[in-house]
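Reader: I should like to learn how to read a structural model, beginning with its ligand site. Could you guide me through it?

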Amino acid sequence: MNVIDLRSDTVTKPTAAMREAMARAEVGDDVYGEDPTVNRLQERVAALLGKEAALFVPSGTMANQVSLGVLTRPGDEIVCDSGAHCISFESGALAALWGVQARTVAAERGLLDPASVEALIRPDLYVYPRTRVIEIENTHNRGGGAVYPLERVRALGELARRRGLHLHLDGARLWNACAATGVAPADYAREATTVSVCLSKGLGAPAGSLVAGPRELVTDARRLRKRLGGGLRQVGILAAAGLFALDHHLARLPEDHDNARRLAEGLAALPGAALPFPVETNLVFVAFAGRSAADVSARLAGEGVLASPEGSRPDLLRFVTHLDVSRADVDEALRRAARALR
Ligand SMILES: Cc1ncc(COP(=O)(O)O)c(C=O)c1O
């Protein structure tokens, strides 16, 4: 029985054509700034996001953390959603690496609204931490793949500028937000000082993320990347996968969104199942009344369907569609789920 792996869009394997592009990549020592393929990828992503410069880093976690590191000093505070990836799933990096704390809002579907954020900005008095950054995540993972309306991001950008703060955009799945809305990446990115994007999620590359922003901040980010051990050498091999992904996998993201909607409809029809969030992109959250997520995922695994228990609630599972899941796989997963949960 083939396994249908719906745990995450990070589980994709590089295609044969992507591997060929990687094998052919022209490379150099990127710590010297001499890898032509990395340089091409950085220029391309900077242009896509309308930023002066971009920097290749190994992971989305490093992209978020070097961004937050260059924008803050120890003792500073960021304002973000309580389920934000940068404070929930990055091993405490914000506190451990930069000595920075987070002031959080339990935002609906993880999408911040300017009034709640403004209420949390500290007055300029020496007894308080200094609020420096508003952090947003688009799409929002724990919010069920929720997409920020552009107007909301514009309002948050306006608030950040008015209060002398930076906006950081965790765009690990910004490509999905753009595919769902038709908004250009640069239009979302315009409102943010720094933006992180991932190549290894919906785009299907084996590794790699980028930080984009003003040139001098990207220079600072390069220093922090080196400090964290993220300065790699002939890393054009990975950058080539990223360029290939932008050329060949960006335009197909709507297929993942269609598959996610189909999967969600089928799962919602199972006994006791409910969708806590509308499905806008490639993430599907499902709660099963009277069953624990651990039990459901074990039953599904017995039928060769993998899903992730979502830690924020004991009854919630996350299913993710991606490059390695076809429409036929979705239909097969639904047949198997019906057997597993009857
Ligand atoms: C919204 C978001 N930001 C950042 C990351 C971190 O990416 P990585 O796993 O490459 O460190 C993830 C990973 O899933 C994510 O979902």
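Reader: Which residues are around the ligand?

Author: The general idea is to list residues with a heavy atom within 4 Å of the molecule. In this predicted model, the residues around the ligand are Ser59, Gly60, Thr61, Asn64, His85, Glu90, Glu137, Asp170, Ala172, Arg173 and Lys201.

Reader: How do the residues of this shell divide into nonpolar, polar and charged?

Author: The shell around the ligand holds 1 nonpolar residue, 5 polar residues and 5 charged residues.

Reader: Which helix gives the most to the shell?

Author: That is helix H3, which spans residues 60-71 and gives 3 residues to the shell around the ligand.

Reader: What lies at a short listed distance from the oxygen atoms of the ligand, and how should I judge such a pair?

Author: The general idea is that a pair of N or O atoms within 3.5 Å is taken as a polar contact. Here, a polar side-chain atom of threonine 61 lies 2.6 Å from an oxygen atom of the ligand. For arginine 173, an N or O atom of the side chain is 2.9 Å from a ligand oxygen atom. For lysine 201, the distance from a side-chain N or O atom to an oxygen atom of the ligand is 2.9 Å. The ligand has 390 Å² of accessible area on its own, and the protein covers 83% of that area.

Reader: In which pocket does the ligand sit?

Author: The ligand sits in the largest pocket.

Reader: Let us turn to strands. What is the order of strands in the open sheet?

Author: The open sheet has 4 strands in the order S9-S10-S13-S12, and the pairing is antiparallel.

Reader: Why is one side of strands S9 and S12 left without a neighbour in the sheet?

Author: Strand S9 (273-274) and strand S12 (308-309) stand at the edges, and each has a single partner strand, so one side of each has no neighbour in the sheet.

Reader: How many bridges join S12 to strand S13?

Author: S12 and strand S13 (residues 316-320) run antiparallel and are joined by 2 bridges. Serine 308 has arginine 318 in S13 as its bridge partner.

Reader: Finally, I would ask about the backbone. Which peptide bond is cis?

Author: The bond from asparagine 138 to threonine 139 is cis, and its omega is near 0°. Threonine 139 belongs to the loop between strand S5 (130-137) and helix H7 (150-162).

Reader: What is the phi of serine 91?

Author: Serine 91 has a phi near 60°, which is a positive value in a residue other than glycine. The loop that contains serine 91 lies between helix H4 (85-88) and helix H5 (93-98).

Technical notes:
Residues numbered from 1 in each chain as written. Predicted model: local features only at pLDDT ≥ 70, side-chain atom pairs only at ≥ 80, totals over all residues. Heavy atoms only, no water. Polar contact = N/O pair within 3.5 Å; in protein donor to acceptor, adjacent residues only side chain to side chain. Areas by Shrake-Rupley, 256 points an atom, 1.4 Å probe, with all protein chains shown as cover. 1 Å grid on protein atoms, 1.4 Å probe; cavity = no way out; pocket = protein on both sides within 12 Å on 5 of 7 lines; lining within 4 Å. Sits in = over half its atoms within 2 Å of the grid points. Nonpolar A, V, L, I, M, F, W, Y, C, P; charged D, E, K, R; others polar. Pairing = 2+ DSSP bridges.
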